[in-house]
Amino acid sequence: MTRQYAETILNSLSAHIAIIDSNGIIIDTNKAWREFAISNNPGMRPDMLNINYLKICDAANGETAGSAAQVAMGIRQVIKGDIDEFVMDYPCHSPGNKRWFYMRAVRVAGSQPLQIVVSHENITPLKIAEHKLLQREAELKQKTLGLEEANAALRALLRHRDEDLKEMEQTFFQNLKQTIFPSFDQLKKLNPSGKEKKIISLIESELNNIASPFLRHISNFEAVLTPQELKIASLIKQGQSSKEIADLLNLSITTVNFHRRNLRDKLGLKNTATNLNTFLLHLN
């Protein structure tokens with residue numbers, strides 16, 4: 001490969017490249033290196049030939065001193081053969097711009113005398129994207145924290161609501177027991193006729209349904225019970241026989257048994273030995 005051909009390849013690269021000798025002296029640079037030097041006014045020849053790159057790093061001060069010292073140490077390790085290559089990324093901000101570079105130092109294979117290729121690739125777009133990603137992650141984390149707090153507050157609110165509903169249900173049921181149900185006992189003592197007795201029992205049963213949490217438990221099943229099935233389920237729970245239910249609801253025993261079979265099917269008791277009355281009682 002001719003030197004001219006090698007220079008053409010070197011100058012086509014976007015990375016800023018310098019070739020140094022074993023003492024750190026710059027012996028060649030590419031076009032990107034020189035253009036960057038011109039735009040940053042280094043106070044020396046843009047090609048920086050015959051300048052000791054390691055001494056420039058050693059003399060760095062201010063914000064760049066730390067990264068420059070790491071670069072010098074890494075290049076010296078490559079020169080000594082302690083490591084095959086040295087890489088790092090570092091900030092190189094100007095008054096008007098924030099910039100980051102990826103630096104790599106590696107031996108030129110088979111070079112005699114020893115030569116080291118030092119390249120600096122501008123990775124500013126990647127760093128900006130990384131910064132935006134980290135910022136977005138922080139925002140998402142904050143939003144997630146806010147949602148978790150909102151969920152915790154909602155769970156507490158729902159828990160209080162359930163407690164309030166339970167308290168209201170108990171209060172309502174107690175009020176019925178203390179004020180309304182005693183009246184049914186008094187009506188039954190008046191020896192009502194058979195039809196009147198059935199109506200009184202039916203009203204008492206319906207009030208029990210309203211006051212009891214039983215219906216709320218039954219609604220948890222995937223199967224949707226019809227109003228008639230709910231009435232029959234409530235009476236079964238109270239221990240009423242099919243004949244007694246038929247008399248109370250003015251239905252035939254065949255119809256009541258039909259609804260009983262539907263209840264067993266919808267409540268998942270079909271083809272099981274589970275007693276329907278026992279199952280309904282356990283829902284409370």
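This note goes through the overall make-up, the nonpolar cores and one surface patch of a predicted model.

1. Residues are numbered from 1 along each chain as its sequence is written. Because the model is predicted, local features need pLDDT of at least 70 and side-chain atom pairs count only at pLDDT 80 or more, while totals for chains, interfaces and linings use all residues, and side-chain values use heavy atoms, with hydrogens and water left out.

2. The protein has 11 helices and 5 strands, taken as DSSP runs (helices H or I of at least four residues, strands E of at least two) numbered from the N terminus. Of its 284 residues, 28% count as buried, that is, under 20% relative accessible area with a 1.4 Å probe and protein chains only, where exposed is over 50% and partly exposed lies in between.

3. In the largest nonpolar core (buried Ala, Val, Leu, Ile, Met, Phe, Trp, Tyr and Cys residues joined through side-chain atoms within 4.5 Å), which has 23 residues, Tyr53, Ile75, Met103, Ile116 and Val118 touch the most other members. Two or more residues each come from E1 (16-21), H3 (53-59), H4 (65-80), E3 (85-91), E4 (100-107) and E5 (115-122), and the largest share, 6 residues, is from H4. Apart from this core lies another, of 17 residues, including Leu263, Leu269, Phe279 and Leu283.

4. Leu158 belongs to helix H5 (residues 124-189) and is partly exposed, with a relative accessible area of 38%.
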